[in-house]
Every structure is written in structure tokens, then in C-alpha cells.
Amino acid sequence: METLVAHQSSKNTKPPLLSMVGITKSFPGVVANDSINLDIYASEIHALLGENGAGKSTLVKILYGFYRSDKGSIVMNGNEIQIRTPSDARQAKIGLVFQDFSLIPTFTVAENIALFLTNLKAILNLHSIENQIIEISKRYTLDVDPHKLVSQLSLGEQQKVEILKLLLSNARILILDEPTRVLAPHEVNALFMVLENLKHDGYAVILITHKLQEVTGFADRVTVLRKGKVSGTLIRSELSEEKLIQLMFAKKLISPIRQQLLRPASEKFPVMELRSIETHGEGSSIHLKGIDLDIFPGEIVGVAGVSGNGQKELGEVVLGMERCAHGEKLLFGKDATHWSIGKVRKNRVAYIPENPLQMAVTGWLPVVQNMALTRTWLYARWWGFRLDLNKMLNDARRAFERLGFEVPLLFVPAMSLSGGTLQRMTIARELSFDPRLVIASYLTRGLDVQSTLAAHKALLDTREAGAGILLISEDLEELFSLSDRLIVCFEGQIVGRFKPEETNPIEVGHLMTGSKVAYGSTD
Amino acid sequence: MAQQTDIVPRKTIVQRWIESTIARYFYMIVLSFLLFGLLLLFIGKDPIQSYRDIFTSTLGSPYGFSEVIVSMTPVLLTGLAVALPSKIMLINVGAEGQLYIGAAFATWGALTFQALPAWQLIPIMMLLGLLGGALWAFIPAYLKSIGLVNETITSLLLNSVAPKIIGFLVFGFWHSAMDTNKTARFVQAARLPTFFGTRVNLGLIFGLVLLIAFWLFMKYSRWGLEMRAIGGNAQAARRNGIPLKTYILVVFCTGGAIAGLAGMVQASGYYGLMLTNFSVGWGFMGFLISWLVGGDPIGIIVMSFIVSLIYSGGNLLQITSGVPYSIINILLALTLFVVLARPSFAKGRK
């Protein structure tokens, strides 16, 4: 596989328009970019491919001046340049279209674009701007009426305005951060037509995506990132979905560390059953459609999927945070469709969310109180008017110790803990009350190697004790080594059901990225 | 060893909090009085003499002091009525309306059960006051708990409805033979006892006891912990199985009930009768004070004392030195302004 890496220098004769050399950026607990090299050429569409958290967005934010890299340099036309702020980036003719647009809804298209231009005169000449808009939009088939209010435009049209904005401000390098996320299928093709035209006129386009079809269909050059590192760069003639998936996800399989089930799962009643569940999430959140899923005691069901394809909603439906619009949910054999979260929790359902600081703890409360939060009645004395602090402390310590985690300071606010410690705290808390059902999202995010092993062991112990576990992750290695069964989520649906030994990461990767919809062995 | 490392930071946090609180209030008071002194100089009055008048008229005599206490009594309760819901991030702007409805319920009790002895009638009136305030608060609380309307706006709008209902009741049914806009004096059994021959009534004790109970409740009780969790991160609290809707309903209605009790205290203890438009903004003053001190019970006591002192002193100042009474509103506004500017001291001192 290593031969896939670094082909481009030999095959390309012209010098790059822009090079990022040895870019390293770390955040507390994680190295987001690890000595990344990236060459951008004029007249090319360059795709940055990778899972969520692979470091694509960080890299682009460094290029656009939102972050400053710890190490590394940016070279443009052979000269090193400093990009400290977005306005430096614009000076260097780099433009970025955000995932969430930055337009003012009550302004017209022309006013929005005028606002963005740096050489704006004291007295606005909107007329000339409108003419420029019309001229450029004709050339690139970016038809937008400059007099229209932005609030009247569809998301696709708003994206055109964002692109026009960059073109009018003379950007030569256009960065698009997951541009197709907001578009309907026919709009996607139109967008890529525009990008093709721009490419022929000498623009360089950087396309951030995790959808394979876009890459194989339109990109001239692909850089694949995995865990903050460049795992390979391919040019168009070398592209294949196969190779990309191999670069995106782990290459080798770790042999399963779990033992076989003591008894076949089907002999017992499932701890959780979902019957054709549908949700109507608010806003842009994904809707679940026709979810059928059973989890049996002593079983880990892994959920694979690129973030934002309904895994979070799946966990939240089980917990009761998200309402079922349709279908029914059974917990431990009882109809729990309309149970309150409190009741679900009292039935020993543990929830380890993807973002502990937002979803699991109250940041400024001390660690010990956060540890007691899910089960305050255990510590109530004097009919609830007093809490037994000593018991809280002892239980908190024991919860950490039994998983082999280091006990953190218990009287500091939870938000002062590092990401990894906070994750350990959540795991310790949730597994401390011998749960019967565990929903674990991104269990090992932010954990070091030792804690990851401890967390995996804790999860397997919980499984041995007879709990059913829903393990949501993007880490295929983790899923393949821990899961008894594996399902794949794509756009709110379950598109694949496997036993880990019957499939391989390539097939799962295909399904995760929607490159084809197929059903594996169902059970 | 582990025990020690755990406990040391807690102590220093408490100490730091006490120090910063004292420094904060000291600076706030000094600064607002300095600013007001400049204003007095500007209009040609002697600020030193004026301050002497304010303080001797209020703190210098038992009577003056008792009047300060009298005017701070309802504000203690309405301040708490706002502070309690604020702990779970609910904004109760409706203390004024809840106070009116509570007073109306209590008045009904006073007029209906006149024959009862005080030891039965007073508790009945208190319960009715609590109930009235709670019912009035239930409307915004329920609408909030089902996720329909924000409680801030509904509770605020209900403030202008409540006095109309009281007007309807008093004009229509309850007015005495002599007046159209007020009831007859309550029987003695319906009056809250007063202390030491002053106008200070039992309501002060209600206020102080409830504030202390509130402080203990938030700090030590199981529900206080859950409320702090909701206040810090409602979504996480929900995921942890804390019943958010129940808390919204119960806490907001309890806040309303306390404001209703303030209404009962004013009708029974202060006026001894019910009249239309009987509140001089006690509900709003409680809101202001509670948010200024961040819902802190000690802060509510200190701040309502200061505000009441300024008000009472202003009355005297008008008589002794011919300063227009409205200028006292300027001093009050300056005080509130300085308190709002508090974060800049706090940050500067850290």
C-alpha cells in the first residue's frame, strides 16, 4: 500500500501555485495536523478526502488564517508567505466558502458581495458591482439575480453567491468546505460544472469532502488524510474507490480480542428492540428512516458511519432524547416508546455521548458532583435535604479505580479537566452502576493508548456481565475488534448488517460513503 | 494524601469568593456615592451635608431604620421569587403580576374568613397568597415546559393583566362603603403582627428565613444539585435523566408562589387592606436586584437594604435640603449602573 503515497512530483512538471510544507498543529490532547505537505496547482480541482476528525478542516483553517500552525510554512509562487488572519489570506488571493454561509439575509445579493470587497469606496457604486456580478455569473453559469434578497434564495443559490463573492474579490485559490452537503443531487452536478469552468480559466479549487463519487468524478488530484497525517496523494489517472477507501480507513484488521459469547444470543430476550423507528429531527439534523434493530444481552453492536449520518440520532432515540415520530421502542421487553429519560436511566441504561462537555456534564460543577448527577437519590440524606459527600467521594474514586483509570482531582470543575480525562470521567460514571444497556458514542475519542485499552476492556467486561452495548464509532479498527455484529448507517438508514468476520473494512467503507447501497448478510 | 489535595482547592475557592464579594460591594457603594456627590455639587448642594442627612435620617434613628426595613421586606421576597427560577436559567419577569394575584387571593381569604382567630386566618391567607402566585406563574411555566412560548415574554405580559383583575375585583365586589378603589380595613386577626411598635412586620422574617432556606437548599439538597446541573447545562442534565419539564413547572411556580406571598405580606402587613394598583413596583425591583446580584441570597439582602435606604433617605432629603425627590432616582440609577459595571472590577482584581 505504501507505493500509493507521493507520486505527484515525478509526474508533474509545472511548479505548484501554493505549497503547504510540514504543517503541524496540535490542540490539547490531539494532533490535528502532523507534518502535512500539500501542493496546490493552478487549473486543478484538488480534493481533500478524509473522515471527520482526519484534519481536513484544521488544515484549511490554517491556510485561511483562522488558526496558526505550530510548525511548517506556506509557500506561494516560490516565496514563503505569512498568513496570520483571514485578511492576509484574501490578500494572497485565497478564498473560502464556509460550510455555513456567512451572508446577511436582509441584504440583496449585490449588497452582500459589496460588503465583502476590500476596495469598497466611501460612496457605494452598487450599479457597477451589479454589472460585474451579471458579467461573471454569465461566464460561469452562476445565474443569480443581484437585486434579490439573500433570504429569498435557496441554499444552492446562496452558495453561488458565496462563490461569486470570491470571484469578485479576485481570489485565485477557492476552498470549498463540503460544498455538496447543502445541495440537492441535480444541484451537485451544476456545481461541479461551474468548478470545471473555473478550473479551465486557471483557478485552483480545493474541495473538502468525504464523499467518494465527488472525488472520483471530478478531482484532478486527491490528498487523503487520516488521523492528522497524509496517508496518500493520487492523481486522476490513479484514482479508484478501492484505493481511496484503503487510504481513508485503516489498512489492516486487528484480530478480535473478544471471547465468544457464552450462549447464542437468540436464546435470550433482547434488551432493546427498535421497530421501524422514524424521527423528524429539528433543523438540519438527519432524520432516521425505518430503523429496525435488536440488541441482545452480552452483545456489542457496532454502528459504523461517517459522522452526521444518523448514528447520533440513533443513540438519542434509544435514550429518549429524540422523539420517535413513528415506530416503537422496547427496552428490556417493555414498551418504552414514551418513557422519560429519567425512567430509561433508572432502568440502568448508560449513555456515553460523543461530546462529554456538552452532553454529559455541567462544566462548572465539581467532578465529584458530576459523578453523582445521574443517581442523586443514592446520596440523599434527611429526605433529600442533605447529600452524603463522603459516599459521593468514595463512589467516584471506586468508579475510576475499578476501570484502572487514574483518579483526577475531584473538587475541580469538570470543565477544567482535559478532554481525555473528561472522557474517562464519563466512562467511569456511566459504567459504574452495572448498566444493562450501554450507548457509547466515540468511546475512545481523546484517549491515549493506555486509556483506550482500559476503556475497551471495561466495555468487554460490561458485555461479559450481560449488558447489551450499542457502540457508535468511526474507527473501523475499533468496531471490527469489539463488535459481535456490525451495522452501517448512511443518511439516516441502516444500509448494511454484518458479522465482523464476514466482511472487511473496504466493504464497510463503501457503504459508509454511499458509493453503493447493498445489503450484506442479515441476521 | 488524596483527601488533602481534594480539599485544599475548595477552601481557597470559598475564601476567594468571600474576599471578592466584599471588595465588590465596597467598591460599588463607594463609587456610586462618589458619582452622586459630584451631581449634588453640580446643582449647588453640599454633598457631605446631604449624605449626613440621608444617613442620620435612616440609620441614625430607630424609626428611620425601621422604615428602611419596612420597604425592603417585599423586595426580599420578590427578589427570591426571581432568583429561584434563575438557578435553572428561567427568567421570571412576572413577580409583579404574581404579587398582585397572591394579594388578591389573600384578600379574599381575609374578607371571607373574618371570624377566624389570627392563628388560623394568617396561615390561611399565607397559603392563599402562595397559591395565587403559583397559579399565575403556572401559565408561563406550563407554556415553557411544553416548549411553546418563552417564559420571559409571557410572564412579563401577564404583569399588565394582573392589576386589571384586581381592579375588577376591588371596584366590582370588594370596595368598602366609603371608597371605590379599596377594601375596608382588614380585621385585626387578618393583620400580620408587627414588632416593637414599628411598622416592621412578620413578612421580614418570612423573607430572611426563605432566603437562608434557599441558600441551604441550593447548596446541600439533592434537588439543589440537580438544579445547578440544569442551570449549567440543561441538555446534559436531561441526558442524565433529570426531569427537566418537572423542574421547570415546579421551580417556576414556586417562584410565583413566593411573589404571591410578598403580595399577601404587603396587603396584610403593610396596608392592612387591599387597594387597586397597590404595588409600587416591588416585583420589578425584586427582578432588578436579583439579577444584579446574580441570584445570590446574601446579595439580595444587602442590595435590597441599600436600595431601600436610598429610597427612604430620599424622602427626608427632599424635606431637609430642598433637593427634588426625583434626584433620588438618579442616585438609585447610578447605584444600579455601578453594580452592572461590576464585571470590570472583578476581572481587574483577579
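This is a walk through a predicted model, stop by stop, with something to select at each one.

**Stop 1: chain A as a whole**

Start by showing chain A on its own as a cartoon. You should find 18 helices and 22 strands. Of the 523 residues in chain A, 46% are buried. If you draw the contacts between residues at least 6 apart in sequence, 70% of them join residues at least 24 apart.

**Stop 2: strand S20 of chain A**

Now select residues 468-473 of chain A, which form strand S20, and colour them brightly; six of its six residues are buried. In a regular strand, side chains alternate between the two faces of the sheet. Turn the view to check each face of S20(A): A:Gly468, A:Leu470 and A:Ile472 are buried on one side, and A:Ile469, A:Leu471 and A:Ser473 are buried on the other.

Which strands pair with S20(A)? Add S13(A), which is parallel to S20(A) and joined to it by six bridges. Then add strand S19 (residues 437-441) of chain A, also parallel, with five bridges to S20(A). A good residue to centre on is A:Gly468: A:Glu299 is its bridge partner, and so is A:Leu437.

Next, click on A:Leu471 and show what surrounds it. Beyond its neighbours within four places in sequence, its contacts include A:Ile300, A:Val301, A:Gly302 and A:Val303. Others on the list are A:Ala440, A:Leu443, A:Leu479, A:Leu482 and A:Ser483.

**Stop 3: on to strands S21 and S22**

From S13(A), residues 299-304, step across to S21(A): the two run parallel and share four bridges. Select A:Gly302 and A:Leu486 to see one pair of bridge partners.

Is S21(A) enclosed or open? Five of the six residues in this strand, residues 485-490, are buried, so the rest of the structure largely encloses it.

Keep going to strand S22 (residues 493-498) of chain A, which runs antiparallel to S21(A) and is joined to it by five bridges. Here A:Val488 sits opposite A:Gly496. The two strands make a hairpin with two residues between them, and in the turn A:Glu491 has a positive phi of about 50 degrees.

**Stop 4: helix H4 of chain A**

Select residues 109-116 of chain A, helix H4, and put A:Ile113 at the centre of the view. Why does A:Ile113 count as buried? It has 26 C-beta neighbours inside 10 Å, and the cut-off for a buried residue is 20 or more. Leaving out residues up to four places away in sequence, A:Ile113 touches A:Ile129, A:Ile133, A:Val161, A:Leu164, A:Lys165 and A:Leu168.

The helix as a whole is largely enclosed by the rest of the structure, because six of its eight residues are buried. Show helix H5 (126-139) and helix H6 (155-168) of chain A to see what the buried residues of H4(A) pack against. For a sense of distance, draw a line from the C-alpha atom of A:Ile113 to that of A:Glu507; the two are separated by 44 Å.

**Stop 5: where the chains meet**

Bring chain B back into view. In all, 32 residues of chain A are in contact with 24 residues of chain B. On the chain A side, helix H11 (341-346), helix H12 (356-359) and strand S18 (386-387) each supply at least two residues. H11(A) gives the largest share, four residues. Coloured by type, this side shows 20 nonpolar, nine polar and three charged residues.

**Stop 6: helices H8 and H10 of chain B**

Select residues 222-232 of chain B, helix H8, where 10 of 11 residues are buried. Among the elements covering its buried residues are helix H13 (367-372) and strand S17 (380-381) of chain A, as well as helix H7 (203-220) and H10 of chain B.

Finish with H10(B) itself, residues 244-271. How far apart are its ends? The end C-alpha atoms are 39 Å apart, which agrees with the 40 Å expected for 28 residues. Look along the helix for a bend of about 25 degrees at B:Val265. Of its 28 residues, 22 are buried, and B:Gly272, which follows the helix, has a positive phi near 75 degrees.

To close, colour the largest nonpolar core, which has 236 residues; A:Leu63, A:Leu470 and A:Leu471 have the most contacts inside it. H10(B) gives the most to this core, with 13 residues.

How values were computed: Residues are numbered from 1 along each chain as its sequence is written. Chains are lettered from A and ligands numbered from 1 in the order in which they are written. This is a predicted model: local features need pLDDT of at least 70, side-chain atom pairs count only at pLDDT 80 or more; totals for chains, interfaces and linings use all residues. Two residues are in contact if their C-beta atoms, placed from the backbone, lie within 7 Å. Ala, Val, Leu, Ile, Met, Phe, Trp, Tyr, Cys and Pro count as nonpolar, Asp, Glu, Lys and Arg as charged, and the others, Gly among them, as polar. The expected span of a helix is 1.5 Å times one less than its number of residues. The bend at a residue is the angle between axes fitted to the seven residues ending there and the seven starting there. A residue is buried if 20 or more other C-beta atoms lie within 10 Å of its own, exposed if 12 or fewer, and partly exposed in between; C-beta atoms are placed from the backbone. Two strands pair if DSSP finds at least two bridges between them. A nonpolar core is a set of buried Ala, Val, Leu, Ile, Met, Phe, Trp, Tyr and Cys residues joined through C-beta atoms within 7 Å.
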